[in-house]
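Hello, and thanks for sharing this one. Here are some notes to read with the viewer open.

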Amino acid sequence: MVVCATQGAPLEAQAGQQGPIAPPPEHHVTRIVTGPEPEAPPALPEAEIVRHFSQKEDEYILSRPGYTYRKTIRIQEFGPDGQPAGEFVLVTEPSRDASGKVFEKVVEKPASTLQHLFLRSEDLEGIQRIPAFPLTSSQLAKYDLKYMGKEQVDEIDCYIFQVKPKMVERIKSYFDGIVWVDAKYLEVVKTYGKWVNDQGEMHAMLNLPFSLFETYREYVDGKYWFPNYSRSDTTLNLKGLEIPVRMVIKWTDFKALPAAPPATAAPAISPKP
């Protein structure tokens with residue numbers, strides 16, 4: 001699978017960091033630098049494609065809190081032979097509290113065999129703040145989108161758009177990367193990129209350098225494209241050692257959440273006689 005890079009130099013460095021690490025069997029992860037200009041534009045005007053898929057993103061971002069799923073976060077260290085040398089695994093599911101608010105509940109006690117890192121479930125809370133749908137209608141004006149060509153993603157013909165923020169801020173991060181849009185139904189099926197502010201790349205975890213994520217989506221209930229697989233590879237520099245590390249997040253078993261219970265009205269107070 002061919003993936004266009006947003007910026008040639010950083011991606012080449014990223015690829016070099018991976019060393020002998022082989023991609024997992026679920027998805028192939030290969031990248032190339034930005035190629036030449038596309039020979040022909042898509043059949044529809046580019047602005048119409050962007051408008052259509054951003055409206056779909058609006059729908060997805062509103063619908064996703066209505067689903068439960070099993071989320072598995074796996075962080076791995078790799079040895080000199082390119083084989084996993086240790087890992088940390090955390091499994092959560094969304095749930096509702098008494099007020100109907102959705103929160104992530106740990107359903108399996110975190111297990112760790114990492115040799116160089118000590119992690120707790122609280123250390124992964126930053127992952128929850130990474131937006132799953134970066135290009136909603138309200139955010140489009142903040143980005144420049146450039147049509148790059150066509151490519152297949154899991155046998156789906158896709159339009160490729162490069163996305164770059166028009167400006168960056170201190171208090172807010174913006175997506176910088178690539179999106180793949182189903183050429184038939186005009187829905188985002190894959191993203192690759194990072195979140196940036198005026199200080200540089202935003203890391204998903206404070207003490208780990210994960211920033212570039214390649215994310216695939218799954219068609220849920222015949223209506224929504226929700227993220228189901230996200231991967232980031234990088235190198236951790238620790239006490240003079242360069243340790244290849246990988247984070248993989250999987251969302252499985254999507255099911256509609258039961259409706260939130262209606263708020264209970266306070267009992268009426270009878271007036272004193």
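The points below go from confidence to packing and then to empty space.

1. Ground rules. This is a predicted model, in which local features need pLDDT of at least 70 and side-chain atom pairs count only at pLDDT 80 or more, while totals for chains, interfaces and linings use all residues. Residues are numbered from 1 along each chain as its sequence is written, and side-chain values use heavy atoms, with hydrogens and water left out.

2. Confidence. The average pLDDT (the predictor's confidence in each residue, from 0 to 100) of the protein chain is 81, and 79% of the residues reach at least 70. By element (helices, H or I, of at least four residues and strands, E, of at least two, taken as DSSP runs numbered from the N terminus), helix α1 (residues 8-18) has the lowest confidence, with a mean of 43, and strand β5 (residues 156-165) the highest, at 96. Please read two stretches with care. The pLDDT is below 50 over residues 1-23, which nevertheless have 63 contacts (heavy atoms within 4.5 Å) in the model beyond near neighbours in sequence. Residues 28-33 are also below 50, with 21 such contacts.

3. Two threonines on one strand. Both T72 and T68 sit in strand β1, which spans residues 67-78. T72 counts as buried because its relative accessibility is 19%, and T68 does so because its value is 17%; the cut-offs are under 20% relative accessible area for buried, over 50% for exposed and partly exposed in between, with a 1.4 Å probe and protein chains only. Leaving out residues up to four places away in sequence, T72 touches V89, L90, V91, V248, I249 and K250. On the same count, T68 meets P94, D253, F254, K255 and L257.

4. Nonpolar cores. A core here is a set of buried Ala, Val, Leu, Ile, Met, Phe, Trp, Tyr and Cys residues joined through side-chain atoms within 4.5 Å. The largest has 41 residues, and I75 and M247 make the most contacts inside it. Strand β11 (residues 241-256) is its main contributor, with seven residues. The contacts of M247 beyond four places in sequence include I73, I75, I127, M205, F210 and F213. A second, separate core has 18 residues, among them F161, Y174, L186 and W195.

5. Pockets. On a 1 Å grid over the protein atoms alone, a pocket is an open set of points with protein on both sides within 12 Å along at least five of seven lines, a cavity is a set where a 1.4 Å probe fits but cannot get out, and lining residues have an atom within 4 Å of a point. Which residues lie nearest the centre of the largest pocket? They are R64, Q128, I130, P131 and A132, out of 28 lining residues. Its volume (the space filled by probe spheres set on points joined across faces, edges and corners) is about 660 Å³. The second largest pocket has about 240 Å³, and G126, R129, M202, H203 and A204 are the closest to its centre among twelve lining residues.

6. One cavity. The count comes to one cavity of 30 Å³ or more, and the largest holds about 30 Å³ of space. I130, W195, M202, H203, A204, F210, S211 and F213 line this cavity.
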